[in-house]
4 protein chains.
Amino acid sequence: MAALTALAPRRGADLLTAFDRVRSGSRALAAPLSDADATVQSMPDASPAKWHLAHTTWFFETMVLKPNAPGYRVFDESFNYLFNSYYDSVGERQPRPRRGMITRPHLDRVTEYRAHVDGAVEDLLYGGVEPPVAELIELGLHHEQQHQELLLTDILHLFAQSPLKPAYRDPSPLPVRAATGEAGWVAFDGGIVEIGHDGRGFAYDCEGPRHQALIQPFRLADRCVTNGEWLDFMADGGYRDPLLWLSDGWAQILEHRWSAPLYWEERDGEWWAMTLRGMQPIDRDAPVAHVSYFEADAYAAWAGKRLPTEFEWERAAEGLSKDGNFAGGGLGRLRPRPAGAAGSGLRQMFGDVWEWTRSAFAPYPGFRPAAGAVGEYNGKFMNGQYVLRGGSCATPEGHIRATYRNFFQPDKRWQFSGLRLAEDA
Amino acid sequence: MAALTALAPRRGADLLTAFDRVRSGSRALAAPLSDADATVQSMPDASPAKWHLAHTTWFFETMVLKPNAPGYRVFDESFNYLFNSYYDSVGERQPRPRRGMITRPHLDRVTEYRAHVDGAVEDLLYGGVEPPVAELIELGLHHEQQHQELLLTDILHLFAQSPLKPAYRDPSPLPVRAATGEAGWVAFDGGIVEIGHDGRGFAYDCEGPRHQALIQPFRLADRCVTNGEWLDFMADGGYRDPLLWLSDGWAQILEHRWSAPLYWEERDGEWWAMTLRGMQPIDRDAPVAHVSYFEADAYAAWAGKRLPTEFEWERAAEGLSKDGNFAGGGLGRLRPRPAGAAGSGLRQMFGDVWEWTRSAFAPYPGFRPAAGAVGEYNGKFMNGQYVLRGGSCATPEGHIRATYRNFFQPDKRWQFSGLRLAEDA
Amino acid sequence: MAALTALAPRRGADLLTAFDRVRSGSRALAAPLSDADATVQSMPDASPAKWHLAHTTWFFETMVLKPNAPGYRVFDESFNYLFNSYYDSVGERQPRPRRGMITRPHLDRVTEYRAHVDGAVEDLLYGGVEPPVAELIELGLHHEQQHQELLLTDILHLFAQSPLKPAYRDPSPLPVRAATGEAGWVAFDGGIVEIGHDGRGFAYDCEGPRHQALIQPFRLADRCVTNGEWLDFMADGGYRDPLLWLSDGWAQILEHRWSAPLYWEERDGEWWAMTLRGMQPIDRDAPVAHVSYFEADAYAAWAGKRLPTEFEWERAAEGLSKDGNFAGGGLGRLRPRPAGAAGSGLRQMFGDVWEWTRSAFAPYPGFRPAAGAVGEYNGKFMNGQYVLRGGSCATPEGHIRATYRNFFQPDKRWQFSGLRLAEDA
Amino acid sequence: MAALTALAPRRGADLLTAFDRVRSGSRALAAPLSDADATVQSMPDASPAKWHLAHTTWFFETMVLKPNAPGYRVFDESFNYLFNSYYDSVGERQPRPRRGMITRPHLDRVTEYRAHVDGAVEDLLYGGVEPPVAELIELGLHHEQQHQELLLTDILHLFAQSPLKPAYRDPSPLPVRAATGEAGWVAFDGGIVEIGHDGRGFAYDCEGPRHQALIQPFRLADRCVTNGEWLDFMADGGYRDPLLWLSDGWAQILEHRWSAPLYWEERDGEWWAMTLRGMQPIDRDAPVAHVSYFEADAYAAWAGKRLPTEFEWERAAEGLSKDGNFAGGGLGRLRPRPAGAAGSGLRQMFGDVWEWTRSAFAPYPGFRPAAGAVGEYNGKFMNGQYVLRGGSCATPEGHIRATYRNFFQPDKRWQFSGLRLAEDA
């Protein structure tokens, strides 16, 4: 997704290093997967791992190499049809819900495709590139990081469909922390704030233009809502009281009989969840994940609070360290972890779980999509989605910003999506 | 919809007059309808006229009479199930998509029900009511006016399904005005503006709290987009270019094969539309109606403009006269009419067509639903809908305010929904 | 349905009498219905009463009057589109699932239509008609009788959707008989039998040609399966054991959660059913009705028996009196009644409930559809349906024959469909 | 499918040979497939190759080894859930439409599973088995051959979904024969015939009991309808004339916009078809394949003929050689081939394409499902399907009989299904 609004000048050598790091990260993510694991599509929202690996490569081939690398030999002409995602301006493509029909090329062949393109991009970088090309490469890397996260969430969804509940990573249970304690509250003044990316470094088009917004005084919980708190909500009949729910959310409840977050399963009175490490007992202190916007909103109503707006969240995140529980190149915990010890400030703003905000994903004042194919990006999804902030345990290390706007439809649950409460001051 | 945030004190006699006017207005609207016309439901979004007539009456019986009129005799116990709309707190109800199965009671019996309840409310008013009861009655009248508009749009939808294309009103063509001319543009400064209802007179809960918002300088077209302009959009391939459309909008195009506004039909090279006055030739100078948000947004992209936000619209509407082409108690033109002569200001802000804004229907800062059944209202619909402003030719005279927020899903087309263009200054 | 294979010569006066009797029978059936009752369509399988009344009239106008009555003035040209059922050769038509959108013409206007056509047909008959025209009129009368039965079953379905459960006829409970006793068995020899209509009197095209078929020795229960026996099946877990069910039937169980016949409802431990006389307690001795083929087949498996073939049924019915519990011109009991006292022979072969056979509805050897529009009839439905025999309490008196083949898909339940058991001898 | 009605005594050594031949045949069929090819499910009707390979093995493990091989060690307990097909009596199972979610076990692991079970069955056979066990093994082999055919048709369907149109076998075009010439007709007398399996050798339960049936004199075309004849049907508007079609068939046409057999594609005015050898030009002289019953029936109506009944077909096939174009252990042509030179008799009765008959799949007189799990077989599918006869180019050599009844729903097209015309004599 997303064209870049601005790019700080970046040296070729740095870009080469970044290129190698990101591209090899995808390889590492795919390492535990068989050809079949990497091919099957478990639902229309998800894509096969093979598709993620090839599509991100297609992006470099199509956007970077074809127009800018004289003499570049296209690896396989058929891949343009197979691995285009949704760029209407680039031509016909495999329909999204049929991506899982592509049993060929084999995963090995996709690996060769990656090597072929990597070599050509590296050659290009060694030779030195003009800023516009460097920008496209940097965009391609951010784009690939997004797909790295999706690869993880999509594999989790696939493995959750299997009665065997296979583990993507070593399934031994992770140590569980001591109790987290009650959430604290951090207060913020109202007033005019600057929102959006300031143009230093990379950002997606939808993060700008930077502009002023007016907010009212508010308070934010100093950590995310935990699994333990969610169990209280469930025990109190949260999934059975229509007055807590948005009308569309209640319709989901009735249709899909939701009674717990996605991947949760009760076994002999204990709650377990399918994770990237197989079936694991629920950790009461860790942030709840895999809840939809509808569930997050109903929880907030039950708690007598509300979700923050994305402006409030961005205001609060300003200047905070972006350290957190991220995927770290595919390694790492791959599950949300309990918040650290309470202090004077906000915890868990970055990493662990994406936090639903109450803000519909909409253009900032003055927003204009970029011209050409790379502009066919975030703008066309500005309908029916809500903004999430802060990244998750499946987000690659470094792929986050205070201004970063992720977005999903309010019924989606397969991402590592959780929530943090807010209230008017 | 909607609890009231505040109500100016209103004398019993005034309220009695208002009650009689609104209630008899509904009767007048139903006059051209047979029992069958008033019973059939043409789609899940629409309700039968009989249901509108009875449900608005049920509201007075349930919210006003039962708790406040000692000795009131319920007309028919079964009506509570039949004519509850969506108040979960009031009990079980006929499922919305099955409202058309209620062939009994007969329309005449509903008319008796109305008379029974009218008498009891009038008795109550003659006896004098406390302000909270007066507020509930006023709310009931506004509620009924909303249903008056829906009765008209729903009957239009029903009659459009019939191969006979019956006319709700005298079908003779209305005189067509001379050409309207190019739209002009009116500029507005940016800055902090006051948004929302100020508490003087009636308003729905979602119109408040009044609060400050920051807007950027902008310009607004001085009239709505016309049918003639829409024909240009169609002729230029507007319905066939995916780059103009939101992704969800393009999916609608592909699924439903939209190629013109709802109710339009080409006959021998000329465009006609089904109206409340039967099939009529398209009037090039009148505002386009029956377009979805998706179409309005695509049109704006095609024109190189955008839709206004609801705050921009409200800012611009402030202080303008609310005269316009309204339903006038069910009488009136019942079709949008061409704008008057251009002048120095905005035309057609009120009446003719509801104007799509780019603002998702969301709570204002500090919004809290009212307690009890009447609070189960606008808040629970704050998802997946866009705000429309200004009222239409089917809106009852007087049932509009600059702060009035109507809302529908972006794919809906059966309301008199049109658009006005905006741009950044 | 169905062209006639042969017609015994019939005098003009007899035909006129028959015409008046059948046509006035439809009027009597419609008498308890309001315009709205007669307009609404409760599901795609059902049609509005108004449609039945008009369509049967359209048949006379289109097939009889237009080609054979010089100077006949078409009542309303638009009716050809509105009231054609499925005759592709006669032109475009209102799509079946949208028949309920036709709120106009009013029921009164349809009554006028009927009078207009009745007058013209009577004039034609007074003048004397050639045998081919007489045959068409006779076909039209049988066609109308079929629609009389459907009018009743469709009204029952509509009224069952209403929470008010209105009664089509006086709802006072009918006297319940003393216990029926165990079913007896009647044995039949095998051998070559003559099947199909012999050409004397009227029959539909699918009842011929008469031909020889070979059957094995078999036994038939001397009465239909009763509600009491069905309650035993339910109590024994009949609806919960997949081994009793056809695979497609079990899929229905899972999808629609069937656990009793259509229209049955448990209230405080007692079973009631919606009937044409409103909600009534289940009569244990009366034949079970409103069961699908899947249910009938599962019941037979549970009972260790099977359903008869249509040839077995026809063999057994040969020569029996056709007296029974029929609709009698719309009057009558309108509910199945318990079998009379057991004797030496078969009881309830005619009337009460249509009896599912295990025979797929297929062409008899040598079957050829008639030429022209009247031939576009039974043949095209010879897929995916099973034959039912014997008529029901909603079938008009006299509209039955031993060779009569009714047919429905195996999941349909809104007809008065029941079963009689068979076994190999 | 199907328990066996009778089994000729068969020596252990012969059974061992048959076992090795069939089991190695499946391995050979899977040889061209990658793990991903073998895992993906292209539609609910189809199953993954891996599933076919494992399910047939599960059958031996569950039905033969567990009850009869003392000390047999189950290979993997989880496989009972994964690879049960539809035996409700054997327990819960992976839902059919989700078979493609099973990316693990890997294809290699399934191969190990096969070897494990093969060894145990061979040990059992070496030790000598009682007739009931021998019968179960023989049933398992016939069951596996059915799945061999499905494996081929399901892979074809999967590969047809891929834009790359991969070839399962060497894609070089096969030599095309000279023109086939007009079909001749072979006449048969009517009378009482013996139908069904006579108990000598293996047969499925649904092929019996053998019984007498009465047929009328008829004629049968001496070859199948060809692609060239089908092109004539298409050119004559066969897919556009509702009068040729069964009502349900016409609904398919409208919904799915069928205008040619499945897998056909027009490219620059020439017709091609996806085959197991990739995209190939249509061979005008070869039998048409991949047509539904609805299409076969419409073609027959267009040609002024009809489809044969299954009794007519069986009568005509009696005593004919069963040589033909079969899959031959997975080798072979894998496409229908033109009929040989016309002679005095019927051609192509066996092999090439399954021939639709007009007979609904129904129990023969006296049919009773076998007791226990193996009896949960053909009987429960006796609804909504038509019988096909004669085997196809994907049927394993030897897996056919004159009495063999295959069956599919009338809208299915992914099998090698074609037709032969019949007429009354």
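Colleague: How many bridges join S8(C) to S11(C), and do they run parallel or antiparallel?

Modeller: Happy to start there, keeping in mind that this is a predicted model. Both strands belong to an open sheet in chain C with the order S10-S9-S8-S11 and mixed pairing. Within the S8(C) and S11(C) pair, Glu355(C) stands opposite Gly418(C). The two strands run parallel, and the bridges between them number 2.

Colleague: Which strands stand at the edges of that sheet in chain C?

Modeller: The order of the 4 strands is S10-S9-S8-S11. An edge strand here has a single partner strand, so one side of it is left without a neighbour in the sheet. The strands in that position are S10 (406-408) and S11 (417-418) of chain C.

Colleague: Which residue of chain C has a positive phi although it is not a glycine, and where does it lie?

Modeller: Look at the loop of chain C between helix H9 (310-317) and strand S8 (354-360). A residue there has a phi of about 70 degrees without being a glycine. That residue is Asp352(C).

Colleague: Moving to chain D, what is the strand order of its open sheet of 3 strands?

Modeller: The pairing in this sheet is antiparallel. Its edge strands are S5 (264-267) and S7 (278-281) of chain D, each of which pairs on one side only. Neighbouring strands are turned by 35 degrees against each other on average, direction ignored. Read across, the order is S5-S6-S7.

Colleague: Which residue stands opposite Arg267(D)?

Modeller: S5(D) pairs with strand S6 (residues 270-275) of chain D in the antiparallel sense, over 4 bridges. The partner of Arg267(D) is in S6(D), and it is Glu270(D).

Colleague: At what angle to S5(D) does helix H6 of chain D run?

Modeller: Helix H6 covers residues 227-235 of chain D. It lies across both S5 and S6 of that chain. Its angle to S5(D) is about 70 degrees.

Colleague: In chain A, which residue in the turn between S5(A) and S6(A) has a positive phi?

Modeller: Strand S5 (residues 264-267) and strand S6 (residues 270-275) of chain A pair in the antiparallel sense over 4 bridges, and Arg267(A) stands opposite Glu270(A). The two strands form a hairpin with 2 residues between them. The residue in the turn with a positive phi, of about 50 degrees, is Asp268(A).

Colleague: What kind of axis relates chain D to chain A?

Modeller: Chain D can be laid on chain A by a turn of 180 degrees and a shift of 0.0 Å along the axis, with an RMSD of 0.0 Å. The C-alpha of Ala36(D) comes closest to the rotation axis among the residues of chain D, at 2.0 Å. The turn and shift together give the relation of a two-fold axis.

Colleague: How much area is buried between chain D and chain A?

Modeller: The contact involves 29 residues of chain D and 29 residues of chain A. On the chain D side, Met101(D), Arg104(D) and Leu164(D) lose the most area, together 29% of what that side buries. Carbon and sulfur atoms give 62% of the buried area between the two chains, which comes to about 2200 Å².

Colleague: Which residue of chain A forms a salt bridge with Arg104(D)?

Modeller: The interface of chain D and chain A holds 2 salt bridges, along with 9 residue pairs in polar contact. In the salt bridge of Arg104(D), the closest N and O atoms are 2.7 Å apart. Its partner is Asp37(A).

Colleague: How far apart in sequence are the parts tied together by Arg23(B) and Glu144(B)?

Modeller: These two form a salt bridge, with the closest N and O atoms 2.7 Å apart. Arg23(B) lies in helix H1 (residues 12-30) and Glu144(B) in helix H5 (residues 131-161) of chain B, so the pair ties together parts whose separation in sequence is 121 residues.

Colleague: Which residues does the cis peptide bond in chain D join?

Modeller: Its proline lies in the loop between strand S2 (191-195) and strand S3 (211-215) of chain D. Omega for this bond is about 0 degrees. The residues joined are Gly208(D) and Pro209(D).

Methods. Residues are numbered from 1 along each chain as its sequence is written. Chains are lettered from A and ligands numbered from 1 in the order in which they are written. This is a predicted model: local features need pLDDT of at least 70, side-chain atom pairs count only at pLDDT 80 or more; totals for chains, interfaces and linings use all residues. Side-chain values use heavy atoms; hydrogens and water are left out. Two strands pair if DSSP finds at least two bridges between them. Axes are lines fitted to C-alpha atoms, for helices over the stretch in contact, and angles run from 0 to 180 degrees between N-to-C directions. Contact means heavy atoms within 4.5 Å. Copies are superposed by least squares on the C-alpha atoms of residues with pLDDT of at least 70 in both. Buried area is the accessible area (1.4 Å probe) that two parts lose on being put together, summed over both. A salt bridge is a side-chain nitrogen of Lys or Arg within 4 Å of a carboxyl oxygen of Asp or Glu. A polar contact is a pair of N or O atoms within 3.5 Å; within protein, one must be able to donate a hydrogen and the other to accept it, and residues adjacent in sequence count only if both atoms are side-chain atoms.
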